[in-house]
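Okay, everyone, thanks for coming. Let's put the sequence and the structure up on the screen and walk through a few spots together.

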Amino acid sequence: MGAPPLPDDLVRHVVVSTGLPPAVAARVVSDVMGYFAEPVEDYVRRRHRELKRRNRRNDDIWAIVAAELAGRPVAAPALSARQLRRIVYG
């Protein structure tokens, strides 16, 4: 199963709004769509690792990750600190 087709209207919008060539705009749209297609559990684990590497405390990490999830274009369901911990630690 391949990647879903890119929305032509979105690629055209990026071409017009940025002046990028169509091939580059299509790659940018594909990259952005791929980024936001990351499953919530994978996103939470990845961000936890990234923030831990920056010496952040878990209490801070849960608040940061919850806020980031709420701000995504297609927002994930609200997750409590306990639910976030369970995703990371099982």
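So, Val15: buried or exposed? Neither, actually: its relative accessibility is 23%, so Val15 counts as partly exposed. To be called buried, a residue has to be under 20%. Keep in mind that this is a predicted model.

Where does Val15 sit? Look for helix H1, which covers residues 8–18, and you'll find Val15 there. Now, which residues does Val15 touch, if we skip its neighbours within four places in sequence? Those are Leu20, Pro21, Pro22 and Ala25. And here's a distance to try on your own screen: go from Val15 to Arg56, which is 41 residues apart from it along the chain, and the C-alpha atoms are separated by 39 Å.

Next, let's move to helix H3. Arg47 lies in that helix, and with a relative accessibility of 10%, Arg47 counts as buried. That's a nice one to put beside Val15, which came out as partly exposed. If you again ignore the neighbours within four places in sequence, the contacts of Arg47 are Arg54, Ile64, Val65 and Glu68.

Staying with H3, how does this helix meet H5? H3 runs over residues 40–53 and H5 over residues 81–89; their axes come within 9 Å and cross at roughly 85°. Angles from 65 to 115 degrees count as roughly perpendicular, and that's why we say H3 and H5 are roughly perpendicular to each other. On the H3 side, the contact is made by Glu41, Val44, Arg45, His48 and Lys52, and on the H5 side by Leu84, Ile87, Val88 and Tyr89. Sort the residues of this contact by class and you get five nonpolar, one polar and three charged.

Last stop, the rings. For a pair of aromatic rings, people quote the distance of the centres and the angle of the planes. This structure holds one aromatic pair. It's Tyr35 with Phe36: the ring centres are 5.0 Å apart and the planes are at 85°, so we call the pair edge-to-face. The cut-off for that label is planes over 60 degrees apart. How accessible are the two partners? Tyr35 is partly exposed at 38% relative accessibility, and Phe36 is partly exposed too, with a relative accessible area of 37%.

One more ring before we stop: Tyr43. Arg72 lies over the face of that ring, 4.4 Å from the ring centre.

Note on methods:
Residues numbered from 1 in each chain as written. Predicted model: local features only at pLDDT ≥ 70, side-chain atom pairs only at ≥ 80, totals over all residues. Heavy atoms only, no water. Axes fitted to C-alpha atoms, helices over the stretch in contact; angles between N-to-C directions. Helix = DSSP H or I, 4+ residues; strand = E, 2+ residues; numbered from the N terminus. Parallel < 35°, antiparallel > 145°, perpendicular 65-115°, else oblique. Contact = heavy atoms within 4.5 Å. Nonpolar A, V, L, I, M, F, W, Y, C, P; charged D, E, K, R; others polar. Phe/Tyr/Trp six-rings, centres within 6.5 Å; stacked < 30°, edge-to-face > 60°. Buried < 20%, exposed > 50% of the residue type's maximum accessible area, 1.4 Å probe, protein only. Lys NZ or Arg CZ within 6 Å of the ring centre and 35° of its normal.
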